[in-house]
Amino acid sequence: MRALTHRWPTSVTQARALQERLRERVVCTDRLRRVRYVAGVDVGFEAEGEITRAAVAVLGFPDLRLREYAIVRRRTRFPYVPGYLGFRELPAVLEALKRLQLRPDLLVCDAQGYAHPRRVGLASHLGLVAGLPSIGAAKSRLIGTHAPVPRRRGCWRPLLDAGEIIGAALRTRTGVKPVYVSIGHRVSLPTAIGYVLRLTPRYRLPETTRAAHALASHGEPLRTNSATGRHAAGSPSGA
DNA sequence: GCGACAG
DNA sequence: ATCTTGTCGC
C-alpha cells in the first residue's frame, strides 16, 4: 500500500483520463490500523484565486485535541471544474502533508470521495497519492439522490447513483443539514460514517474540518484547540 | 438544448 | 472558494 504517484494534468481531458485509471486503485474496504491521529484537510484561496492555501490539522483520536498542523501556499495551477477538484487543490495539500512530523492514520476531506461521477473525488484521489486511508465529508452534494433524512443526529440515508450506493447523507447533529459522507480510500462506508459521527460531538462539521478550515482561512488554530505539541516548521508560509 | 455542478 | 452585517429563529 505505497503512495501512488502521477503527474499533474493541465487539461480537463487529460485529468479525466487519469481519473479513469485511478478509479481502479481505490480500495473500498477497511485497510486501516488503529487510529491515533486523524487529519483534517482544507483549502482556501488568495489573490482572486491565484494562490492556493492548503492546511492540514492533525488531531489526536478520540480526544480530538490539536497535535500538529501545517499551512502551505502555492500558485494555483488548475481551474475549478466540478468533478476535478483534486487537480486544483491536492498539489498544495500534498506539500502540507509532507511538512508534518506525525503520520496521520486517517485523512478527512471536506469534499466527496467515492460519491463522484467516476468514483474518484478529491478524498479518494488524496488517499491514493498520500498512501493513507481517507474519507470524504462534504457540506453539499455533487451527484446522487437520497430520501429525506430523519432530523435526529446519527440518522442517514444512502446516497444513490445509477442504483449504486455511493455514500450517505448523514445527520451529524439533530436539526442541521445532512453532511455527505463517502469513502475515500481503504475505508468502508459504515466505518466512514462511524468516524464522522465521532468527529462531530458538537458541530455539524467534523472537528478535523473545522480545525483545518480555521488554519486555511484565519491562519491560526481554533482557540478551543490550541496545540500542545510542536507545529510544522514555518506556519503560514510555504513553497 | 436545458439544468446541475464538491470547493 | 470569495465578496460581507445584520438578522431571523430555536
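Colleague: How do you know how the residues lining the largest cavity divide into nonpolar, polar and charged?

Modeller: In this predicted model, the lining divides into five nonpolar residues, no polar ones and three charged ones. The lining consists of V41, D42, V43, E89, C109, D110, A111 and L122. Val, Cys, Ala and Leu count as nonpolar, whereas Asp and Glu count as charged, which means that D42, E89 and D110 are the charged residues here.

Colleague: Which strand gives the most to that lining?

Modeller: Strand β1, residues 37-46, does so with three residues.

Colleague: What makes this space a cavity, and what is its volume?

Modeller: A 1.4 Å probe fits there but cannot get out, and therefore the space is called a cavity. Its volume is about 30 Å³, and the structure holds one cavity of 30 Å³ or more.

Colleague: Why are β3 and β6 said to stand at the edges of the sheet?

Modeller: Eight strands form an open sheet in the order β3-β2-β1-β4-β5-β8-β7-β6, with mixed pairing. β3 (66-75) and β6 (156-161) each have a single partner strand, so one side of each lacks a neighbour in the sheet. Neighbouring strands of the sheet are turned by 25° against each other on average, direction ignored.

Colleague: How do you know that β5 and β8 pair?

Modeller: Pairing requires at least two bridges, and five join β5 (residues 134-138) to β8 (residues 179-185), so the two strands count as paired. They run antiparallel, and G136 has S182 in β8 as its bridge partner.

Colleague: Where does helix α3 lie?

Modeller: Helix α3, residues 122-130, lies across β1, β4 (106-109), β5 and β8, and runs at about 25° to β8.

Conventions. Residues are numbered from 1 along each chain as its sequence is written. Chains are lettered from A and ligands numbered from 1 in the order in which they are written. This is a predicted model: local features need pLDDT of at least 70, side-chain atom pairs count only at pLDDT 80 or more; totals for chains, interfaces and linings use all residues. Side-chain values use heavy atoms; hydrogens and water are left out. On a 1 Å grid over the protein atoms alone, a cavity is a set of points where a 1.4 Å probe fits but cannot get out, and a pocket is an open set with protein on both sides within 12 Å along at least five of seven lines; lining residues have an atom within 4 Å of a point. Grid points are joined across faces, edges and corners, and a volume is the space filled by probe spheres set on the points. Helices (H or I, at least four residues) and strands (E, at least two) are DSSP runs, numbered from the N terminus. Axes are lines fitted to C-alpha atoms, for helices over the stretch in contact, and angles run from 0 to 180 degrees between N-to-C directions. Contact means heavy atoms within 4.5 Å.
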